[in-house]
Amino acid sequence: WRRGLHGWKEHGLEVDYAIGTTVAGSPCSRNVTVRLTNRGQAPLLNIRPEQGTHFERVPQIDPQKSTELVLHLDCSLGRESKLLLSLVFLAPLATGTDVSQETRASLEIRPTVGDLVNPDRLTTEQFLAEEQGLGGMFAQESTFSVGQQSASENGGVVNVSYWALEVKKRILGTANFAVVGAMPSEPILVGKPAYFCGRLCGSNERVLLKVSLSPPDQTGVTAVLRLAFEDTLSG
């Protein structure tokens, strides 16, 4: 979940959203779940869209209660894709009064690179050939450690098997990559890279991800992620 609006700014209306699965029959359309939460002390009334997006009117959200909407985001413009959510609702004019005022709030929902990826299935040989052959390819590499807390709680012992599978789960939970040369349920082996491949909505450019795990030490397991692509990306 990502925070779109903070309740303390918008008369108690807190908005979180999650960009999820591909809409059936439309590979560049995504379902977006929007959670509206009332963090105030009085009900919020008659929540409805003002412009940009349509959803059924929400009659009331009581204090500390939530309701969820499912919207659609068209990602065919790639990184330029966005969803403007403008809301109108009745909020108390002041704490402890029954007088309400019409209030407006808006947010812009933009997908990350992970949201824009669709699976692209390759063999390991095709992946390696693509990685080597894309002359205009850019690459980003990042390194991070996992399992430090579990190591400290277990006398310095890291559960490598757990993290080898957990890293893959987190990658596939963040971006809709296809796993190359293995099943999604297979863990990443230490010393043997795992490969993932996808194509971006809009440009249809191929994105290659290589993940390597180092042998564990007292600081945990080090994961190296190398993201390679045909054009510059950010996010």
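Two strands count as paired if DSSP finds at least two bridges between them. Strands here are DSSP runs of E, at least two residues, and helices are runs of H or I, at least four, numbered from the N terminus. That is what we need for a hairpin. In the hairpin of S12 and S13, five residues lie between the strands, and Gly202 takes a positive phi near 90°.

Some ground rules. This is a predicted model: local features need pLDDT of at least 70, side-chain atom pairs count only at pLDDT 80 or more, and totals for chains, interfaces and linings use all residues. Residues are numbered from 1 along each chain as its sequence is written, and side-chain values use heavy atoms, with hydrogens and water left out.

Stay with strand S12, residues 194-200. Buried means under 20% relative accessible area, exposed over 50%, partly exposed in between, with a 1.4 Å probe and protein chains only. Six of the seven residues of S12 are buried, so the strand is largely enclosed by the rest of the structure.

Who pairs with S12? Strand S13, residues 206-213, does so antiparallel, over six bridges. There, Arg199 stands opposite Arg206. Strand S9, residues 117-119, is antiparallel to S12 over three bridges. Val117 has Leu200 as its bridge partner. Strand S11, residues 178-180, also runs antiparallel to S12, joined by three bridges. Ala178 is matched with Cys197.

Now the open sheets. One has four strands in the order S1-S2-S3-S6, paired antiparallel. S1 (2-5) and S6 (66-74) are at its edges with a single partner strand each, so one side of each has no neighbour in the sheet. Neighbouring strands are turned by 30° against each other on average, direction ignored. For angles, axes are lines fitted to C-alpha atoms, for helices over the stretch in contact, and values run from 0 to 180 degrees between N-to-C directions. S1 meets S2, residues 13-23, through three antiparallel bridges. Arg3 sits opposite Asp16 in S2.

Another open sheet of four strands is ordered S5-S4-S7-S8, again antiparallel. S5 (58-61) and S8 (100-109) are the edge strands, each pairing on one side only. The twist averages 30° from one strand to the next. S7, residues 83-92, pairs antiparallel with S8 over 10 bridges. Val88 has Arg104 as its partner in S8.

Last, helix H4, residues 160-174. Expected span is 1.5 Å times one less than the number of residues. For the 15 residues of H4 that gives 21 Å, and the end C-alpha atoms are 21 Å apart, which agrees. Its buried residues are Trp163, Ala164, Glu166, Val167, Lys168 and Ile171.
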